[in-house]
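Reader: I am in my first year and would like to look slowly and carefully at how the parts of this model fit against one another. Please start with the packing of helices inside one chain, and then go on to where the chains meet.

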Amino acid sequence: MTTAAAVAPSPVLEVRGLSVSIGRHDLLHDLTFTVGRGERVGLIGESGSGKSLTSLAVLGLLPEGARATGSVRLAGVTHDVVGASERAMASVRGNDVSMVFQEPMTALNPTMRVGAQVAETILVHAGRGKRPGADRAAVRQRVVALLDQVGLPAPAELARAYPHQLSGGQRQRVVVAIALANDPELLVCDEPTTALDVTVQAKVLDLIVRGVEARRSAMLFITHDLPVVATVCERVLVMYGGRIVEAGPVAEVFTRPRHRYTEGLLGASDLEGARPGKPLTTIPGTVPPAGAFPEGCVFRTRCRHATAECAAPPPWSSADPGHGHACVHPAGGER
Amino acid sequence: MSASIVVQDVVRHYRRPRASLLRPSPPVEAVKGVSFEVARGERFGLVGESGSGKSTLLRLIGALDRPTSGQIFVEGMDITGRRERDLGFVRSQLQVVFQDPMGSLDPRMRVRDIIAEPLVAQAGEGSTRDAREARVLELLEAVGLPREAADRFPHQFSGGQRQRISIARALAPRPTILLADEPVSALDVSVRAQVLNLITEFVEELGLTLLFVSHDLSVVRHTCDRVAVMRAGEVVELGPTAQVYDDPQHPYTQQLLRAAPSMRRALRGGGTAELVGGGS
Amino acid sequence: MSAQPAGPIDPTRVAGQPRVRRRPGPSLVVGGSIVAAVVLMALLSFVWTPHDPTLVNAAARLRDVGDPEHWLGTDKFGRDVLSQVLVGARTTLFVGVVAVGVAGLLGVPLGVVAAMAPRWVGETLMRAMDLLLAFPALLLAIMFSAVYGGSTLVAMIAIGIATVPSFARIVRSGALQVLSTEYVLAARAAGRRSWGIGLRHVLPNVSSLVIVQASVAFAIAVLAEAALSFLGYGTPPPTPSWGRMLQESQELLFSAPRLAFVPGLAIAVAVLGFNLLGDGLRDRYDPRLEDRR
């Protein structure tokens, strides 16, 4: 069997058996996935699916009191992210891996000029490893170049502005500039455009994709928006109840979904295909709060195809964690 | 058949807080001279981005705010320039479903009291506690919530369930017009379809006039017969939904439609460059 | 007509007011216990005290702490200190209830009105409150005592009036926050008039702020009563009061420091208790903290 992992060189991100629990709640359960060099992977999920927690775990930013097991390896980082010290992670974040958060207002320091914030990211990691030492003039030039790359008008003047003087879209561009400042191996985006207007979202998405492509960086893109993932990513992981329930290439998962949850999600969000005014297909019930998902298949309480078999945890359908599903009664017939 | 809602040259300015001691700040023009009519039983969409004035317009039509100039008629009655106590007619004819399923329900009230609020507020003769209770239970069933829900507080429900409570409250006084302000934009994808179906079902079965405000073009396309596209306080394009979506005339409408990510286009290989209009 | 069911109501979300039932914090537990102890002391004093607290007994003057008959000793008139402390707790509570009651009854409606009335009315009211706030509470109480005669009630009404602004301010800012919510908009759309919104939505939602403020004001009132009694403007003899006990102990401060120590400790602990309770309640009910999930 030739798996994707055997063909590709070592992945940029390799997550193996990652489980996270807080208190009595198991929030992530046995996640295994990889993101290859230059690959754009989408992580789809609704509230309570654990998608944001996954992104935090990848950056070693889990909240206090969270217990993580398993392993998270990043290319170029000798230690495992799980269990790494804050000190060890600080030199990794913003350097090997960086992140774009949802809220562009709170992601920037309101008391610092945006140019200084971009420069800080460069300076913090300057002189470490392969990076050259800091040279004020060079850094300033680089900051302006970065702001220019993210499409901000008059970048030299804009560098002296404070975050509140910028629009939401401009702020998110600055955040992207900061995230890309050190040419990270992996960019993690957590709902980066959810708070933005459609036309601004389009520009920011384009910017992120172009920035990542130019650097040959890999990207893990977290969102609840299926069309956005379809537009931005090549591969997709579908999460529900703290588990990956289906994974595969975007074109395949979104046209021939196997897991019943993926199928339901696609049906419920397919407003383009539904006849105007006619009822949409729905998934019954509501997403349980974190920690209240059923045993066995996490989706079985809302699944129309659930049987007694689903009370046991469904096995993954293939040997490749990057391509398959965990459903006993998959859509499109048994394989 | 007369129109259900008539909006005539409506303007709404806001005063910004003074930034300078010497001169007053220029006013914000949230809505600048908008006119349209919504026929009885029609489903009318208002689409726009933040700052387009769509929510301000909804509040003006809902008599929750006063226009700076212009007139608004609801079921033939001029609602502009009336005092709160003279708005009883509007309150009984027109109800609103708001965006935030948590913020639009008083956290200190039980669901029973929330749903009965319009009935209590508009209590005329013949409104007894028993009649209200019966109506509350009937509405709970209609929106797919169990009877026990009446005794609970809002925080005990998920987002989709809370939005059902909102809908039940809006339907309580048997209105003829329903205004919906981004009713599904805060909901999970899997729940959004349920709530949209619920709204369209009620609108159809009760013959309601629907004014649906959203930033999400695909939702409006699915829900509405006609649509007005708003930008910076003005309606830039107005027409039957299918026509506006298939053959947009105004450059802004074209830009808006192009910018919205679409599963179809993506699966056909359209990347982000297509969203911003590159490559063409 | 019936819709597709919305799924079960989540059983993990427990009935009750705040979103999450957290375990009460240490300040709530400690503060609550101290306040409960003061209340118990006051209640106990109605049915039992070791001795008549006002009984002058020349034979038992200035007994020391640990005396088999008088556990906390006696003062220069031979009155039992423990009995005085117990009955003094009554005065303390009375003082707090009156002052907080006056402040709350005036301050809460003022705050709600200032938030809901037209802008200029609200602004005028709040400037008047600022003026009152600038006036020292103790000075006001002394003036009241001078005009209406010194009594606990008069002093406490004065303290209460001086505390009105703090209630009005907190309630107004809370009410303004409530008034900007969508549920108030929804209530207006439902046809509620202003007074209905004030009663049904604003008041219940600022009640937690009021409770927190009340416990803090209670502590201030207790301290103010002690100060006034110490100065001779508060509780007149022979009613036992911790503040007056402190004052009477003055001349014997060097020969019998315990006479100052016992009521001083009682005041300090009670004030600490009410402050802790206020802090604890704030941690638990402050909506701004509650939203931070």
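Author: A helix axis here is a line fitted to C-alpha atoms over the stretch in contact, and the angle between two such axes runs from 0 to 180 degrees, taken between their N-to-C directions. Please keep in mind throughout that this is a predicted model.

With that in hand, look at chain C, where helix H2 (residues 81–116) packs against H7 of chain C at an angle of about 145°, the two axes being 7 Å apart. The crossing of H2(C) and H7(C) is right-handed. On the side of H2(C), the residues that make this contact include C:Thr91, C:Leu93, C:Val97, C:Val108 and C:Met116, and among those they meet in H7(C) are C:Ser194, C:Val202, C:Ala214, C:Phe218 and C:Glu225. If you sort the residues of this contact by class, you find 17 nonpolar, 5 polar and 1 charged.

H7(C), which covers residues 194–231, also packs against helix H8 (residues 242–249) of chain C, here at an angle of about 40° and with the axes 7 Å apart. H7(C) passes H8(C) in a right-handed crossing. From H7(C), the contact takes C:Glu225, C:Ala226, C:Ser229 and C:Phe230, while H8(C) brings C:Gly243, C:Arg244, C:Leu246 and C:Gln247. These residues divide into 3 nonpolar, 3 polar and 2 charged. You may notice C:Glu225 twice, since this residue of H7(C) belongs to the contact with H2(C) and to the contact with H8(C).

Moving outward from these helices, we come to the interface that chain C forms with chain B, where 50 residues of chain B are in contact with 35 residues of chain C. Together the two chains bury about 3,600 Å², and 52% of this area lies on carbon and sulfur atoms. Of the area that chain B buries against chain C, B:Arg108, B:His155 and B:Gln156 supply 20%, more than any other three residues. The interface of chain B and chain C holds 1 salt bridge, in which the side chains of B:Glu117 and C:Arg192 meet with 2.5 Å from N to O. Side chains of opposite charge can pair when their charged atoms come close. There are also 10 residue pairs in polar contact between chain B and chain C, with both residues at pLDDT 80 or more. Two or more residues of the side of chain B that touches chain C come from each of strand S6 (94–97), helix H3 (111–121), helix H4 (129–142), helix H5 (159–171) and helix H6 (189–205) of chain B. By class, that side has 22 nonpolar, 11 polar and 17 charged residues.

Chain B has a second partner, chain A, and this contact takes 35 residues from chain B and 46 residues from chain A. The area buried between them is about 3,300 Å², with carbon and sulfur atoms giving 61% of it. The count here is 1 salt bridge, and the side chains that meet in a salt bridge are those of B:Arg264 and A:Asp270, at 3.7 Å from N to O. Across this interface there are 16 residue pairs in polar contact, both residues again at pLDDT 80 or more. At least two residues of the side of chain B that touches chain A are supplied by each of H6, helix H7 (217–223), helix H9 (251–259), helix H10 (263–267) and helix H11 (272–275) of chain B. H6(B) gives the most to that side, with 8 residues. The residues of that side divide into 15 nonpolar, 14 polar and 6 charged.

How values were computed
Residues are numbered from 1 along each chain as its sequence is written. Chains are lettered from A and ligands numbered from 1 in the order in which they are written. This is a predicted model: local features need pLDDT of at least 70, side-chain atom pairs count only at pLDDT 80 or more; totals for chains, interfaces and linings use all residues. Side-chain values use heavy atoms; hydrogens and water are left out. Helices (H or I, at least four residues) and strands (E, at least two) are DSSP runs, numbered from the N terminus. A crossing is left-handed if the near helix is turned anticlockwise from the far one by less than a right angle, and right-handed if clockwise. Contact means heavy atoms within 4.5 Å. Ala, Val, Leu, Ile, Met, Phe, Trp, Tyr, Cys and Pro count as nonpolar, Asp, Glu, Lys and Arg as charged, and the others, Gly among them, as polar. Buried area is the accessible area (1.4 Å probe) that two parts lose on being put together, summed over both. A salt bridge is a side-chain nitrogen of Lys or Arg within 4 Å of a carboxyl oxygen of Asp or Glu. A polar contact is a pair of N or O atoms within 3.5 Å; within protein, one must be able to donate a hydrogen and the other to accept it, and residues adjacent in sequence count only if both atoms are side-chain atoms.
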